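Me: Let us go through this model and ask what stands behind each label. Please set the value against the cut-off every time.

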Amino acid sequence: MSKFLEARLHKRHKVLVVDDEAVNRMMLEKILGTKFEVILAENGRQALNIILENKETLSIVLLDLLMPEMDGYELLEIIQNDDNLCHIPVIVLTSEKSAEVRSLNMGAADFIPKPYDVPEVIIARIARTIQLYVNTNIISHTQNDSMTDLFNREYFMEYAEVYDRYYPDEDMDAIVLDINRFHVINELHGRAFGDDILMKMGSMIKAYVSQNRGIACRSNADCFFIYMPHTDDHEAIYHEIGDGVMELMEDAKARLRMGVYEKVDRSFDVHKRFDNALLACNSIRGKFSVMLACYDLNMQKKEAYDERLISEMQKGLSEGQFKVYYQPKYDITGDKPVLSSAEALVRWAHPDFGVLKPDQFISLFEEGGLIHRLDRYVWDRVAAQIKYWKKTYRVTLPVSVNVSRIDMLEPDFIVAISDIVREHGLSPADLRLEITESAYTEDSDEIIEKVNRLRSLGFVVEMDDFGTGYSSLNMLSYMPIDALKLDRAFVSNIHKSEKDMRMVTLIMDIAEYLNLTVVAEGVEIKEQYDLLKKAGCHVIQGFYFSKPIPVEEFTLLVRDRAEDKKNQEL
Ligand code: C2E
Ligand code: CA
Ligand code: CA
């Protein structure tokens with residue numbers, strides 16, 4: 001094992017004391033013996049032989065300068081000029097100021113003045129020099145990650161194995177810390193900002209592991225590994241490191257996730273242990289309220305399943321496996337509810353897994369950077385459908401599509417959606433855009449700027465899932481939106497809870513003042529419908545009227561609507 005590893009494992013360091021005077025040797029042996037393993041030499045030549053024999057394990061040389069045979073200067077020069085020896089620090093023992101300077105210039109790491117100081121000072125000085133050399137040597141051996149000064153991944157893995165050998169009975173945890181959507185930080189705030197976060201995170205992790213007998217590395221861009229003795233309190237680790245990191249990223253809207261594989265099974269190799277911790281970490285992607293997960297066996301299966309969905313998306317698209325369903329929206333401001341638009345909701349008719357709901361794949365595609373391909377496909381299909389209804393029934397039925405936050409961060413997003421509308425001969429207002437509330441609060445500046453541009457092009461924008469994000473009611477006044485979709489969570493209890501109903505009434509008042517259309521989603525029963533109508537809600541969507549239905553079925557509703565319209569006109 002290399003000296004660096006031994007040093008890190010807090011083994012006793014080997015110190016060579018070279019002095020021709022027996023009394024000095026004895027004194028240093030006595031002072032240092034409690035802390036270090038001490039080897040003695042009487043002159044330079046003897047010392048050189050010992051150094052050559054122990055070059056892998058020797059931590060430091062304490063060198064007297066004036067000696068017979070080969071003096072200290074000569075030995076120092078040999079050590080400094082030998083590539084195999086120059087990593088060993090030398091401290092000179094001297095009583096002369098001029099000798100101190102000369103030896104420092106020749107490459108000595110430090111000096112200890114004679115007569116000897118209090119033992120603690122000498123020990124501290126030696127320990128500090130060893131530590132310094134261990135660190136710089138690790139760097140020069142590229143065992144460290146240059147950005148964070150933690151170990152690099154290869155060295156870390158090797159070290160973890162050594163750790164196991166030293167502590168064969170210790171329960172160990174493999175921990176992964178990963179910044180979610182780090183690329184967004186780089187995109188929005190620049191690389192320097194991102195690098196700064198990684199460096200600070202690195203030093204927080206380093207401080208943590210050095211106090212808890214652990215080791216750590218940066219595995220890749222924004223992902224860190226920790227290997228340390230088992231603890232039950234993983235929350236505490238998250239808070240100790242995570243809180244600081246989250247604070248740094250405060251306005252960057254990225255999150256830190258932590259995956260733990262606790263009490264690792266030592267029959268797995270180290271890589272596999274961290275694969276498991278990564279699985280745990282990935283199991284919480286898309287779940288915004290959970291930051292920490294521990295590995296269990298089911299994760300293996302889920303991961304394989306998710307990977308398959310990701311890898312089969314493109315094929316699914318080209319084979320037409322994704323189907324757009326339509327859920328009608330009814331205008332309830334008149335005497336009778338009137339079909340006024342619809343929301344397009346995607347389904348995946350997977351050849352092996354059956355029909356999959358969006359919750360099973362949207363967040364996967366978002367994380368995998370694939371969502372824009374699916375969404376643009378959906379927008380295109382919807383636009384083609386609106387055009388078909390126009391042509392066949394002479395009605396224009398606007399449909400709203402879901403626009404993922406990630407879609408909006410794509411540089412060509414506005415061009416792409418405008419192209420789709422134009423290619424099908426529609427006006428932008430026909431394809432309404434549902435943008436979830438949390439997008440406004442997460443990347444507010446960029447999203448608001450893009451929404452403004454979209455609206456100036458004539459697109460109609462609905463704020464989706466209102467009430468689930470963190471925007472306050474007064475934020476609505478400067479949000480560029482045309483309509484508000486009250487989230488199902490708001491609606492579901494209005495018939496049971498007066499408080500919820502009061503909230504809805506309050507929102508209705510504000511919406512009226514701001515001239516916003518209010519759409520209530522998730523309306524399931526008549527009582528909810530009646531209350532919403534009474535409160536002045538404009539549009540209703542939910543199982544009360546219809547579930548999302550396949551396009552053929554929805555087309556029948558469009559046809560009926562067209563006939564009603566014709567009859568009214570007659
Ligand atoms: P969302 O935009 O909030 O869509 C409404 C969801 O509520 C739909 O679930 C719909 O089926 C469901 N729903 C409608 N009425 C009721 C009701 O009365 N009761 C109950 N319990 N549920 C109701 P779905 O279709 O599973 O979609 C889930 C989410 O997936 C959507 O939430 C949307 O965020 C996302 N999504 C769906 N299609 C797409 C898409 O093409 N692109 C993107 N980016 N996201 C999509
Ligand atoms: Ca929606
Ligand atoms: Ca919604």
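Me: Why is Asn-276 called buried?
Reply: This is a predicted model, and the values are computed from it. Asn-276 has 0% relative accessibility. Buried means under 20%, so Asn-276 qualifies. The residue sits in helix H11, residues 270-282.

Me: What does Asn-276 touch, not counting residues up to four places away in sequence?
Reply: Tyr-261, Phe-268, Tyr-295 and Gln-300. A contact needs heavy atoms within 4.5 Å.

Me: Why is Leu-292 called partly exposed?
Reply: Its relative accessible area is 22%. Buried stops at under 20% and exposed begins over 50%. The value of 22% lies in between, so Leu-292 is partly exposed. Leu-292 belongs to strand E10, residues 292-294.

Me: Which residues are in contact with Leu-292, leaving aside its neighbours within four places in sequence?
Reply: His-234, Glu-235, Met-258, Val-260 and Ile-284. Met-479 is 187 residues away along the chain, and its C-alpha atom is separated from that of Leu-292 by 33 Å.

Me: What makes Glu-343, Asn-402, Glu-434 and Asp-464 donors to the calcium ion (ligand 2)?
Reply: Their distances. They coordinate the ion at 2.1 to 2.3 Å. For Ca the limit is 3.2 Å, so these atoms count as donors. The atoms are OE of Glu-343, OD1 of Asn-402, OE of Glu-434 and OD of Asp-464. Along the chain the spacing reads E-x58-N-x31-E-x29-D.

Me: Why can Glu-434 and Asp-464 be said to tie parts together?
Reply: Glu-434 lies in strand E15 and Asp-464 in strand E16, so the pair links parts that are 30 residues apart in sequence.

Me: Are Glu-434 and Asp-464 buried or exposed?
Reply: Glu-434 has a relative accessible area of 1%, so it is buried. Asp-464 stands at 5% and also counts as buried. The cut-off is under 20%.

Me: What makes Asp-464 a bridge?
Reply: Asp-464 is a donor to the calcium ion (ligand 2). Asp-464 also appears among the donors of the calcium ion (ligand 3). The two ions lie 3.9 Å apart.

Me: How do you know which residues coordinate the calcium ion (ligand 3)?
Reply: Again by distance. Asp-464 (OD), Asp-465 (OD), Glu-521 (OE) and Glu-521 (OE) coordinate the ion at 2.1 to 2.7 Å. The Ca limit is 3.2 Å, so they count. Their spacing in sequence is D-D-x55-E.

Me: Why is Asp-465 called partly exposed?
Reply: Asp-465 has 21% relative accessibility. Buried requires under 20%, so Asp-465 is classed as partly exposed.

Me: What makes strand E16 mostly covered?
Reply: 5 of its 6 residues, 461-466, are buried.

Me: How do you know that E16 pairs with strand E15 and strand E17?
Reply: Pairing needs at least two bridges. E15 (residues 431-436) is joined to E16 by 4 bridges, running parallel. E16 and E17 (residues 483-486) have 3 bridges, also in the parallel sense. Both pairs therefore meet the rule. Leu-433 stands opposite Val-461, and Glu-462 stands opposite Ala-483.

Me: What makes the approach of Asp-464 to ligand 1 a polar contact?
Reply: An N or O atom in the Asp-464 side chain is 3.1 Å from an oxygen atom of ligand 1. The limit is 3.5 Å, so the pair qualifies. A polar backbone atom of Phe-543 is 2.8 Å from an oxygen atom of ligand 1. A backbone N or O atom of Val-346 lies 3.2 Å from a nitrogen atom of ligand 1.

Me: How many residues surround ligand 1?
Reply: 23, and the closest are Gln-327, Arg-347, Asp-375, Glu-524 and Phe-543.

Me: Why are strands E2 and E5 called edges?
Reply: The open sheet of 5 strands has the order E2-E1-E3-E4-E5, with parallel pairing. E2 (37-41) and E5 (110-113) each have a single partner strand, so one side of each lacks a neighbour in the sheet. The twist averages 25° from one strand to the next.

Me: How do you know that E1 and E3 pair?
Reply: They share 5 bridges in the parallel sense, and at least two suffice. Val-17 stands opposite Leu-62 in E3.

Methods:
Residues are numbered from 1 along each chain as its sequence is written. Chains are lettered from A and ligands numbered from 1 in the order in which they are written. This is a predicted model: local features need pLDDT of at least 70, side-chain atom pairs count only at pLDDT 80 or more; totals for chains, interfaces and linings use all residues. Side-chain values use heavy atoms; hydrogens and water are left out. Helices (H or I, at least four residues) and strands (E, at least two) are DSSP runs, numbered from the N terminus. Axes are lines fitted to C-alpha atoms, for helices over the stretch in contact, and angles run from 0 to 180 degrees between N-to-C directions. Donors are N, O and S atoms within 2.8 Å of the metal (3.2 Å for Na, K and Ca); water is not among the atoms, so sites may look incomplete. Buried means under 20% relative accessible area, exposed over 50%, partly exposed in between (1.4 Å probe, protein chains only). A residue is near a molecule or strand if one of its heavy atoms lies within 4 Å of it. A polar contact is a pair of N or O atoms within 3.5 Å; within protein, one must be able to donate a hydrogen and the other to accept it, and residues adjacent in sequence count only if both atoms are side-chain atoms.
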